[in-house]
Amino acid sequence: MLDLGEDLDTVVEFVTCCKRIVEGNGGRFVVGMFLDEFTQPLVCRLVGFAHYYLGFEPLSSGSSSDVSGQLTVVPGHLYCQIHDSSQEFKPMLLHYRVSDTTVQFFSPGQSRIVL
């Protein structure tokens with residue numbers, strides 16, 4: 001909607017209404033977004049309503065045959081505080097490997113076979 005010229009408040013209001021309808025009917029509302037400098041303000045507004053922020057990204061050290069990427073898990077209400085200040089909070093970080101039929105999560109430095 002931002003790409004179509006709608007302002008940030010309109011997009012947040014639309015998403016909030018959708019969330020209210022879905023949750024009012026017993027469902028769970030999940031939003032997937034590509035995070036960049038253009039969408040960062042929207043993410044900060046929406047994640048305030050979220051229970052958790054799940055950030056999937058490639059490994060910072062480069063590619064690996066054993067690890068597909070890393071997942072950062074942050075309680076929703078802390079996400080913007082972490083990025084806007086120097087608060088001491090360490091988010092949960094997990095590595096993951098995607099195969100044809102499964103996704104395996106494991107702690108960095110731990111073998112997925114051990115878990």
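These legends accompany close-up views of a predicted model.

**View 1. The whole chain, from helices to strands.**
The predicted chain holds 3 helices and 4 strands. Read from the N terminus, the elements follow the order α-α-β-β-α-β-β. The chain has 115 residues, and 23% of them count as buried. Its accessible surface comes to about 8,400 Å². Carbon and sulfur atoms account for 55% of that surface. Take the contacts between residues at least 6 apart in sequence: 40% of them join residues at least 24 apart.

**View 2. The four-stranded sheet.**
The 4 strands form an open sheet. Their order in the sheet is β1-β2-β3-β4, with antiparallel pairing. β1 (52–57) and β4 (103–106) stand at the edges. Each of these two has a single partner strand, so one side of each lacks a neighbour in the sheet. From one strand to the next, the twist averages 30°.

**View 3. The β3–β4 hairpin.**
Strand β3 covers residues 92–98. It runs antiparallel to β4, and 4 bridges join the two. A hairpin connects β3 to β4 through 4 residues. One bridge can be picked out by residue: H95 has F106 in β4 as its bridge partner. H95 also appears among the contacts of Q70, a residue of strand β2.

**View 4. Q70 in strand β2.**
Q70 lies in strand β2, which spans residues 69–75. Is Q70 buried or exposed? Its relative accessible area is 10%. The cut-off for buried is under 20%, so Q70 counts as buried. Neighbours within four places in sequence are left aside in the contact list that follows. Q70 is in contact with G55, F56, E57, P58, L59 and S60. Its list also includes L93, L94, H95 and Y96.

**View 5. T72 in strand β2.**
T72 is also found in strand β2. It is buried, with a relative accessible area of 14%. Residues up to four places away in sequence are not counted among its contacts. What does T72 touch? One group is Y53, L54, G55 and E57. P91, M92 and L93 complete the list. G55, E57 and L93 are also in contact with Q70.

**View 6. Packing of α1 against α2.**
Two packed helices are described by the angle between their axes and the distance between the axes. Here the axes of α1 and α2 come within 10 Å. They cross at roughly 40°. The crossing is right-handed. On the α1 side, the contact is made by L8, D9, V11, V12 and V15. On the α2 side, it is made by P41, L42, R45 and L46.

**View 7. The largest nonpolar core.**
Which residues make up the largest nonpolar core? There are 5 of them: V11, V12, V15, L42 and L46. Helices α1 (8–24) and α2 (40–47) are the elements that give two or more residues to this core. α1 gives the most, with 3 residues. The core residues V11, V12 and V15 belong to the α1 side of the helix contact, while L42 and L46 belong to its α2 side.

**View 8. L42 and its surroundings.**
L42 is one of the core residues. Residues up to four places away in sequence are again not counted. L42 touches V11 and V12, both in the core. It also touches L2, L8 and M33. L8 is part of the α1 side of the helix contact.

**View 9. L2, before the first helix.**
L2 sits in the segment before α1. Neighbours within four places in sequence are left aside here. The contacts of L2 are then D7, L8, V11, F38 and L42. How many residues separate L2 and T39 along the chain? They are 37 residues apart. Their C-alpha atoms, however, are separated by 8.5 Å.

**View 10. V22 in α1.**
V22 has its place in helix α1. It is partly exposed, with a relative accessible area of 30%. That value falls between the cut-offs of under 20% for buried and over 50% for exposed. V22 touches G27, R28 and F29, with residues up to four places away in sequence not counted.

Key. Residues numbered from 1 in each chain as written. Predicted model: local features only at pLDDT ≥ 70, side-chain atom pairs only at ≥ 80, totals over all residues. Heavy atoms only, no water. Pairing = 2+ DSSP bridges. Axes fitted to C-alpha atoms, helices over the stretch in contact; angles between N-to-C directions. Core = buried A, V, L, I, M, F, W, Y, C linked by side-chain atoms within 4.5 Å. Buried < 20%, exposed > 50% of the residue type's maximum accessible area, 1.4 Å probe, protein only. Contact = heavy atoms within 4.5 Å. Areas by Shrake-Rupley, 256 points an atom, 1.4 Å probe, with all protein chains shown as cover. Left-handed = near helix turned anticlockwise from the far one by under 90°.
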